[in-house]
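Q: I'd like to learn how to read a model like this one. Can we walk through it together?

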Amino acid sequence: MVPAASDLGSCAPGPGPRAAMRRTREEVDATLQIAKLDRAELLPAVHCLAFGPEAAGDLCLLELEPALCQQLQAGSSLVIRGDKDEPAVLCSKDKTYDLKIADTSNMLLVIPGCKTPDQLKMEDTHCNLTHTEIFGFSNNYWELRRCRPKLKKLKRLLMENTYEGPDSQKEKDSNCSKYTTEDLLDQIQASEEEIMARLQVLNACEIGGYWRILEFDYEMKLLTHVTQLVDSESWSFSKVPLSISLQELGPLEPEEMIEHCLKCYGRKYIEEGEVYFELSADKICRATAQMLLQNAVKFNLAEFQEVWQQSVPEGMITRLDQLKGLALVDRHSKPEIIFLLKVDDLPEDNQERFNSLFSLREKWTEEDIVPYIKDLCGEKQTTGALLTKYARSSMQNGVKVYNSRRPMS
């Protein structure tokens with residue numbers, strides 16, 4: 001384990017322990033007198049430091065917070081991730097950290113077996129003199145700063161080869177890119193838990209040992225099979241039996257794809273030993289809206305709402321708040337319009353994200369912009385703090401709106 005930089009004292013080296021002459025207690029006392037230090041105010045133990053013959057000045061010191069130190073001591077590992085063109089990050093099992101070099105005016109010395117003043121106080125020490133070799137030294141160390149995982153690349157890699165079903169021609173092409181869990185851990189700058197959580201958000205599934213995102217049209221085909229079965233069997237959307245669904249739809253699509261669709265759009269539960277899914281009306285309405293909007297640049301809002309409601313399963317109610325982070329309404333146009341704007345397609349960098357949003361629309365209400373920036377919030381950070389840093393607020397017709405702090409070309 002690399003010791004924390006804060007645990008390394010900076011001491012003045014003395015004559016080497018292998019030298020013909022070693023520093024004596026009398027020489028130490030004389031040095032204290034010259035330095036005008038009161039011996040009574042110091043601990044009795046004395047360390048005489050000297051650079052060993054193999055002392056290295058190319059050590060990399062890493063400062064760790066106590067929680068990370070405990071993880072290392074418990075047997076966990078830390079991994080540095082990043083391609084040659086990416087700034088390196090350090091990942092634990094569940095968190096991601098930026099790596100920054102911190103310079104120090106004091107030389108940091110690595111001394112094996114050196115005891116801290118607190119440790120010496122706990123021992124019954126006398127006026128002993130210890131000659132110690134310095135193992136290594138450095139004038140800087142790496143410090144960690146918690147950061148958001150860099151997950152934009154994850155979707156980009158998986159979208160290179162989306163899954164269109166078992167009979168797709170792409171499945172017969174061995175040259176199409178596919179990624180295992182190990183491949184993703186090697187290429188994505190995020191912890192394993194953060195990557196797995198993002199795969200779930202992306203509705204990715206593991207097929208033949210490779211992570212795949214379903215082609216949206218194929219995903220909607222599966223969802224249509226499920227909703228039509230629910231309708232034909234007169235089931236409640238809150239109680240869809242897994243076994244019968246697989247039995248009825250198995251001849252149409254692979255059973256694992258049917259179950260994956262149920263997991264994506266529902267919540268699994270067990271009742272009297274049987275597995276059921278409670279389908280989410282919000283998720284189904286949202287997916288239906290995406291299907292309608294993806295083929296239109298802009299859609300008359302009133303017409304869209306009518307078609308949207310007619311397209312969802314009977315009994316489900318569509319609402320515009322189901323489309324946060326997916327579509328944007330322009331209420332200043334005549335007639336009002338709605339268009340697809342997915343938060344996943346926006347830049348990952350904070351400033352670039354705001355630049356993109358303000359180039360699209362000069363002024364935003366808080367209600368409209370928050371769905372497109374809340375994923376930028378770091379630990380203990382709020383959307384309000386982001387807006388204060390990257391936007392300027394003003395009142396327009398009694399409503400607070402935000403525009404860019406930077407001039408937009």
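Q: Let's start with charge: how far apart are the mean positions of the positive and negative charges of the chain?
A: Keep in mind that this is a predicted model. The chain carries 49 positive and 65 negative charges, and their mean positions lie 6 Å apart.

Q: What secondary structure does the chain have?
A: You'll find 14 helices and 16 strands. The radius of gyration is 31 Å, well over the 22 Å that the globule rule gives for 409 residues, so the chain is more spread out than a compact globule. Along its principal axes, the C-alpha trace spans about 95 × 55 × 45 Å.

Q: How much of the chain counts as buried?
A: Buried means under 20% relative accessible area. By that cut-off, 38% of the 409 residues qualify.

Q: Now a single helix: which residues of α6 are buried?
A: First the general idea. An α-helix has 3.6 residues a turn, so residues three or four places apart point the same way. In α6, which covers residues 192-201, the buried ones are Glu194, Ile195 and Leu199. Viewed down the helix axis, the buried residues fall within an arc of 140 degrees, so they line one face of α6. Gln200 and Val201, on the other side of α6, are exposed.

Q: What covers the buried residues of α6?
A: The cover includes strands β4 (96-110), β5 (129-146) and β7 (210-212), along with helices α4 (152-158) and α5 (181-187).

Q: And which residue with a positive phi follows α6?
A: That's asparagine 203, with phi near 60 degrees.

Notes. Residues are numbered from 1 along each chain as its sequence is written. This is a predicted model: local features need pLDDT of at least 70, side-chain atom pairs count only at pLDDT 80 or more; totals for chains, interfaces and linings use all residues. Side-chain values use heavy atoms; hydrogens and water are left out. Helices (H or I, at least four residues) and strands (E, at least two) are DSSP runs, numbered from the N terminus. The radius of gyration is taken over C-alpha atoms; the globule rule is 2.2 Å times the number of residues to the power 0.38. Buried means under 20% relative accessible area, exposed over 50%, partly exposed in between (1.4 Å probe, protein chains only). Lys and Arg count as positive and Asp and Glu as negative; His and the chain ends are not counted. The place of a charge is taken as NZ of Lys, CZ of Arg, CG of Asp or CD of Glu. The arc is that of the directions from the helix axis to the C-beta atoms. Contact means heavy atoms within 4.5 Å.
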